[in-house]
Every structure is written in C-alpha cells, then in structure tokens.
Amino acid sequence: MAGATDFIGRVRERVETAEERRRRETALHPATARFTVLVTRDGTAEEELLFDRPPTLADLVARAGAGAFLLGIGVTEAPLQVAAE
C-alpha cells in the first residue's frame with residue numbers, strides 16, 4: 001500500500017508488521033519473478049546481480065559493495081510451465 005491516500009490505508013501502513021509486509025511483497029511479486037540489477041565497480045566491467053525479491057539498498061550494498069555504481073534494474077518473469085496432456 002505504498003502511498004495510500006485514504007485514511008484506512010494510511011492506518012494499515014502504520015500498523016503493518018514485518019511479516020505482513022513480507023507476505024504482501026510475496027503476493028505482489030510471485031516466486032517466478034526475478035529482479036536483475038546491473039552494476040559496475042570500475043566503470044568498464046558490468047556485473048548482473050539476481051534477486052528473488054525486490055532488493056533493498058542494504059541488499060545492494062551487501063552484494064555489490066559500497067563503491068559500486070547502479071546502472072539499471074529490471075524484472076523478468078520466468079515462462080510458465082504448461083503441463084502436457
């Protein structure tokens with residue numbers, strides 16, 4: 001409910017627990033989604049980092065380092081598996 005404009009939405013945002021937030025994020029971004037972050041440390045070589053959930057700033061610093069530059073962020077959906085009849 002990021003940016004809720006109604007009163008009930010704002011109240012729910014304030015009292016939402018960390019577990020509820022994790023459940024909501026999981027519902028918004030199913031397990032088939034991959035989050036790709038493109039970073040560089042030296043300005044010439046690029047590295048692609050993959051995340052199963054939307055990365056936080058702390059996640060990016062932990063994986064890429066404090067001196068890395070963010071080049072891009074993308075979301076890719078895995079193709080659906082269709083069962084054969």
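This is a short tutorial dialogue on reading a predicted model.

Q: Where do I start? How many helices and strands are there in the chain?
A: Start with the inventory. The chain has 3 helices and 3 strands. Then read their order from the N terminus: α-α-β-β-α-β.

Q: What share of the 85 residues in the chain is buried?
A: Buried residues make up 16% of the 85. Keep the cut-off in mind: buried means under 20% relative accessible area.

Q: And how do I read contacts against sequence distance? What part of them joins residues 24 or more positions apart?
A: Set aside the short separations. Among contacts with a separation of 6 or more, 42% link residues 24 or more positions apart.

Q: Now the sheet. In what order do the strands lie?
A: Sheet order need not be read off the chain; look at the pairing. Here the open sheet of 3 strands has the order E2-E1-E3, and the pairing is antiparallel. E2 and E3, which spans 69-77, are the edge strands. Each of these two pairs on one side only. Neighbouring strands are turned by 20 degrees against each other on average, direction ignored.

Q: How many bridges join E1 to E3, and how many join E1 to E2?
A: Take one pair at a time. E1 and E3 are joined by 8 bridges. E1 and E2 are joined by 6 bridges. Both pairs run antiparallel. For single examples, find Arg 34, which stands opposite Thr 76 in E3. Then find Val 39, whose bridge partner in E2 is Glu 47.

Q: What links E1 and E2 along the chain?
A: The two strands form a hairpin, with 5 residues between them. Look at Gly 43 in that turn: its phi is positive, about 85 degrees.

Q: Why is E1 described as largely enclosed?
A: Count its buried residues. In E1, 6 of the 8 residues are buried, so the strand is largely enclosed by the rest of the structure.

Q: Which way do side chains point along a strand?
A: In a regular strand they alternate between the two faces of the sheet.

Q: Can we look at single residues of E1? Which residues does Thr 36 touch?
A: Thr 36 is found in strand E1. Its relative accessible area is 14%, so it counts as buried. Skip residues up to four places away in sequence. Thr 36 then touches Glu 48, Leu 49, Leu 50, Gly 72, Ile 73, Gly 74 and Thr 76.

Q: Is Thr 40 buried or exposed?
A: Thr 40, also in E1, is buried, with a relative accessible area of 7%. Leaving out neighbours within four places, its contacts are Ala 45, Ala 68, Phe 69 and Leu 71. Compare chain and space too. Thr 40 and Gly 67 are 27 residues apart along the chain, and 9.0 Å separates their C-alpha atoms.

Q: Which residues does Val 75 contact?
A: Val 75 has its place in strand E3. Beyond its neighbours within four places, it is in contact with Ala 33, Arg 34 and Phe 35. Its C-alpha lies 10.0 Å from that of Asp 52, which is 23 residues away in sequence.

Q: On to the last helix. Which residues of H3 are buried?
A: For a helix, ask which way the buried residues face. In H3, residues 57-64, they are Asp 59, Leu 60 and Ala 64. They cover an arc of only 100 degrees around the axis, so they sit on the same side of H3. On the other side, Ala 58 and Ala 62 are exposed.

Q: What covers the buried residues of H3?
A: The cover includes strand E1 (33-40) and strand E2 (46-51). The helix lies across E1 and E2, and runs at about 130 degrees to E2.

Q: What happens just after H3?
A: Check the backbone there. Gly 65 takes a positive phi of about 100 degrees.

Q: Last, the rings. How many aromatic pairs does the structure hold?
A: It holds 0 aromatic pairs. A ring can still meet a charge, so look there next: the charged end of Arg 63 sits over the ring of Phe 51, 4.5 Å from its centre.

Methods
Residues are numbered from 1 along each chain as its sequence is written. This is a predicted model: local features need pLDDT of at least 70, side-chain atom pairs count only at pLDDT 80 or more; totals for chains, interfaces and linings use all residues. Side-chain values use heavy atoms; hydrogens and water are left out. Rings of Phe, Tyr and Trp (its six-membered ring) pair if their centres lie within 6.5 Å; planes under 30 degrees apart count as stacked, over 60 as edge-to-face and the rest as tilted. A charge sits over a ring if NZ of Lys or CZ of Arg is within 6 Å of the ring centre and within 35 degrees of the ring normal. Buried means under 20% relative accessible area, exposed over 50%, partly exposed in between (1.4 Å probe, protein chains only). Helices (H or I, at least four residues) and strands (E, at least two) are DSSP runs, numbered from the N terminus. The arc is that of the directions from the helix axis to the C-beta atoms. Contact means heavy atoms within 4.5 Å. Two strands pair if DSSP finds at least two bridges between them. Axes are lines fitted to C-alpha atoms, for helices over the stretch in contact, and angles run from 0 to 180 degrees between N-to-C directions.
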